[in-house]
Amino acid sequence: MRAVFLHTLRRFRGSIPAWGLSLAALGLIVVPFYDVYLAQEEQMLQFIENYPPEFLAFFGGMAAINTPAGFLDSQLATLPVIFGIFAVLAGSALFARDEESGRLDLIMAHPVSRLLLFGGRFAAFVFATTGILLICWLGFALPLRGSSMDVGMWQMALPMLSTLAVVLVFGTFALLLSMLLPSRRTAAATAGGVMVASFFLSGFANLNADLKPVARLLPYEYFQGGYAISGLNLTWFAGLLAASTFFAAIAGWRFQHRDIRVGGERSHRFSRPSRPRHPQP
Amino acid sequence: MPDSLAIQTRGLTKSYAGVTALRGLDLKVRQGEIFGFLGPNGAGKTTTIRCLLDQIRPDHGTASVLGFDAQQDPVSVQARVGYLPGELHLEDNLSGRRILRYFSALRRRAVDRATANSLAERLRLDLDTPIKNLSKGNKQKIGLIQALMHRPDLLLLDEPTSGLDPLVQQEVQAIVREAKAAGTTVFFCSHVMSEVEAVADRVGIIREGRLVEVADTAALVNRAVRHVTVRFQTDVPADALEGVRGVTVLTRADSRNVSVQVEGEMDALVKALAALPVAFLKTNQPTLEDVFLAYYQSDNSPPG
C-alpha cells in the first residue's frame with residue numbers, strides 16, 4: 001500500500017503546489033484587504049448597499065461584513081466550489097483515468113489486493129487535498145500578524161477544515177460515480193453539476209425558504225465559511241466526513257467487485273439486463 | 001488441481017453487455033510447457049487471461065493458476081505470474097527505469113534489479129529514456145522486462161512480439177525458451193503462427209469462446225492436410241492412387257501428372273508411389289497457420 005500511496009502522491013506533485021499556492025495567494029490578498037475595508041468602511045458599506053438585495057441575500061445578507069467572521073465568510077463563499085473542481089477531477093480520475101487509458105490492468109496484474117490498491121490511492125487523494133488546504137491555510141494565516149483582524153492562526157484553520165470536509169464529499173462522490181458511470185468525464189460532469197447546484201441552492205434558499213429542505217440534502221449547506229472561526233460545528237463536520245466515508249466505502253466495495261475495463265475499451269456501457277447473443281453452454 | 005497443471009479452467013463462462021466471450025472454457029496447461037493459445041480477435045484469448053488474473057470475474061466456472069483459485073486468492077496468483085498485456089499502456093511521463101522500479105515496489109521488491117538490467121541490455125533498451133519518447137516496440141520491451149524480471153513461475157504473454165523487429169522477435173523467442181528451461185510455464189497468445197509453431201510445445205485453438213482443439217504442436221501440424229504433386233516417368237493408370245489411405249486425387253492434368261491431397265500420415269502414399277515410376281515429387285509442408293485457418297474456414301470441424 002505504501003508503494004501505491006507514494007506513487008499516487010507523486011502524480012499529485014504538480015497539483016499540490018499549483019492549487020495550494022493559488023489558493024494561498026487568495027489569502028495573501030484577502031486578509032490584508034480587511035484593513036483596507038475597515039479604513040474605508042463607510043464607502044464600502046455604501047458600495048455594498050448598492051448591490052441588488054437579492055444578490056446580498058444570496059450571500060447571506062452580508063450584515064456582518066464588518067466583523068472578521070462576516071468578512072471572511074464573504075471571501076470564502078466560493079472556496080468549496082473553486083477547490084471542489086480539483087476534488088471532483090482528482091476523485092473521478094483516481095481509477096477511471098488509468099482504466100480508460102488501459103494502464104490499470106497491468107497494475108492490477110501485480111500482487112496488490114484491490115482493497116490495498118484502493119486504500120493507497122484514496123489515502124493519497126485525501127493527503128493531497130489536505131496538503132493543498134494546508135498551503136492555502138498558510139496563505140490566510142501568515143498575513144494575520146500584520147492585520148487588525150482579530151483572528152488567531154489556529155482559528156483560521158477552522159474554515160479550512162470546513163472546506164476540507166465539503167470538498168471531500170464532492171471528491172468521494174466523483175470517485176463513486178467513476179465506479180458506476182460509463183466514463184470518467186460523465187462522472188466528473190455529474191459530480192461537478194451536483195457541486196454547483198448545491199452552491200446555488202444554498203444561496204437561493206436564502207431568498208426562498210421553500211428551497212431550504214432541498215438545500216439541506218446537499219453538502220454546501222453545511223459549509224460554515226468564515227463563521228467557522230467562532231467554532232467549528234462538529235455535528236456538521238462529522239456529518240460531512242461520514243458522507244465522504246460512506247461514498248468512499250461504496251466506491252471501494254464497487255471497485256472490489258466489478259470487472260476492470262481492458263486497455264482500448266475507453267468507456268464501458270451502463271450495465272443493463274440483456275440476453276447474451278449466444279446461448280449459454 | 002493436479003500438481004502437474006499450471007492452469008486449469010472448468011466451464012469458464014463470461015459475458016459482457018450481451019456478448020458471450022467465453023462459453024464453458026475447459027483448459028489445462030501443464031507445468032513447464034510453452035502453451036500457444038490461438039484464436040482471432042474476439043475469440044476469447046484476452047478474456048481468458050483476464051479471468052486468470054482476476055481482472056474480470058467469470059459468470060460461471062472456475063480458474064486455478066499454479067494451484068491457487070484465481071478468484072479466491074488472486075494476490076497469490078499475481079505474485080507468481082508475469083503478465084504482458086496485448087495492449088500495453090504505460091505512464092508516459094516516467095522513464096523505463098522509474099516504471100520498473102514502481103512495478104518492483106508493487107512486488108515488494110521481490111525483483112532482482114540485475115535481471116531487469118540484463119534483460120534491457122539484451123533487448124537493447126535504454127531504460128533512462130522517458131516512455132513518451134519510446135517507439136511502440138521499445139515500450140513492448142519494457143512490458144516484457146516487467147513480466148520477466150521477478151522470475152515468475154508462469155508467464156502470461158499476450159502478443160509478446162507485437163511491434164518488435166524480427167531480430168528482437170528472435171531474441172524474445174530465445175528468452176521464452178530459456179524461461180521454459182528454467183522451469184517457467186509460458187502461456188503464449190499470438191497471431192504469428194510461425195512464432196507459436198517455433199516455440200510452443202502444445203497449442204490450443206479457441207473459437208467463439210470454446211476450446212476447439214488442443215494438441216502437441218508437431219502432431220497438429222503433422223495431422224494437417226498436405227498437397228502433393230507427382231510427375232511420373234511414364235503414363236500410369238488413372239486409378240493408380242485410388243483407394244490409398246488418406247489420399248484424395250485433386251487434379252490429373254494428364255496420365256503423367258497428378259496432384260493429390262493427403263490427410264494425416266504420408267506413409268500409405270509413399271508406399272503406393274514406391275511401386276510406380278516417379279520422376280518428381282513435391283510436398284507442401286503444412287504450417288500451423290494452415291491448421292488454424294482450416295478450423296476457421298471449416299465450420300468448427302477439425303481438419304485432417
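Me: Before we start, what makes a residue count as buried?
Reply: You look at how many other C-beta atoms sit within 10 Å of its own. With 12 or fewer the residue is exposed, and the ones in between are partly exposed. To be buried, a residue needs 20 or more.

Me: Okay, so which residues of helix H1 of chain A are buried?
Reply: Keep in mind that this is a predicted model. The helix covers residues 2-11 of chain A. Its buried residues are A:Ala3, A:Val4, A:His7 and A:Thr8.

Me: Where do those buried residues fall when you look down the axis of H1(A)?
Reply: They sit within an arc of 125°, so they line one face of the helix. What they pack against is helix H8 (114-141) of chain A, together with helix H3 (96-106) of chain B. So the place to look, seen down the axis, is that one face, an arc of 125°.

Me: Which helix gives the most to the largest nonpolar core?
Reply: That core has 154 residues, and A:Phe170, A:Ala191, B:Phe187 and B:Phe188 touch the most other members. The top giver is a helix of chain A covering residues 153-180, with 16 residues in the core. That's helix H9 of chain A.

Me: What does A:Ala191 touch, leaving out residues up to four places away in sequence?
Reply: A:Ala191 is one of the core residues that touch the most other members. Find A:Ala191 in the structure and check around it for residues of chain A. You should get A:Val88, A:Ser92, A:Phe170, A:Phe173, A:Ala174 and A:Leu177.

Me: How many residues of strand S3 of chain B are buried?
Reply: S3(B) runs over residues 34-38 and is mostly covered. On one side, B:Ile34, B:Gly36 and B:Leu38 are buried, and on the other B:Phe35 and B:Phe37 are too. The count is 5 of its 5 residues.

Me: Which residue is the bridge partner of B:Phe35 in S8(B)?
Reply: S3(B) pairs with strand S8 (residues 185-189) of chain B in the parallel sense, over 4 bridges. S3(B) also pairs with S9(B) in the parallel sense over 4 bridges, and there B:Phe37 stands opposite B:Gly204. Back in S8(B), the partner of B:Phe35 is B:Phe187.

Me: Which strands stand at the edges of the open sheet of 4 strands in chain B?
Reply: The order is S12-S13-S11-S14, with antiparallel pairing. An edge strand has a single partner strand, so one side of it is left without a neighbour in the sheet. Neighbouring strands are turned by 25° against each other on average, direction ignored. The edge strands are S12 (247-252) and S14 (278-283).

Me: What is the bridge partner of B:Val247 in S13(B)?
Reply: S12(B) and S13 (residues 257-263) of chain B pair in the antiparallel sense over 5 bridges. A second, separate core of 9 residues includes B:Val247 and B:Val262. The bridge partner of B:Val247 is B:Val262.

Me: Is B:Arg124 buried or exposed?
Reply: Most residues other than glycine have a negative phi. B:Arg124 has a positive one, near 55°, and its place is in the loop between helix H4 (113-122) and helix H5 (136-148) of chain B. It has 11 other C-beta atoms within 10 Å, so B:Arg124 is exposed.

Me: And how does B:Glu208 count, with 16 C-beta neighbours inside 10 Å?
Reply: B:Glu208 has a positive phi as well, about 45°. You'll find B:Glu208 in the loop between strand S9 (202-207) and strand S10 (210-216) of chain B. With those 16 neighbours, B:Glu208 counts as partly exposed.

Conventions. Residues are numbered from 1 along each chain as its sequence is written. Chains are lettered from A and ligands numbered from 1 in the order in which they are written. This is a predicted model: local features need pLDDT of at least 70, side-chain atom pairs count only at pLDDT 80 or more; totals for chains, interfaces and linings use all residues. Two strands pair if DSSP finds at least two bridges between them. Helices (H or I, at least four residues) and strands (E, at least two) are DSSP runs, numbered from the N terminus. Axes are lines fitted to C-alpha atoms, for helices over the stretch in contact, and angles run from 0 to 180 degrees between N-to-C directions. The arc is that of the directions from the helix axis to the C-beta atoms. Two residues are in contact if their C-beta atoms, placed from the backbone, lie within 7 Å. A nonpolar core is a set of buried Ala, Val, Leu, Ile, Met, Phe, Trp, Tyr and Cys residues joined through C-beta atoms within 7 Å.
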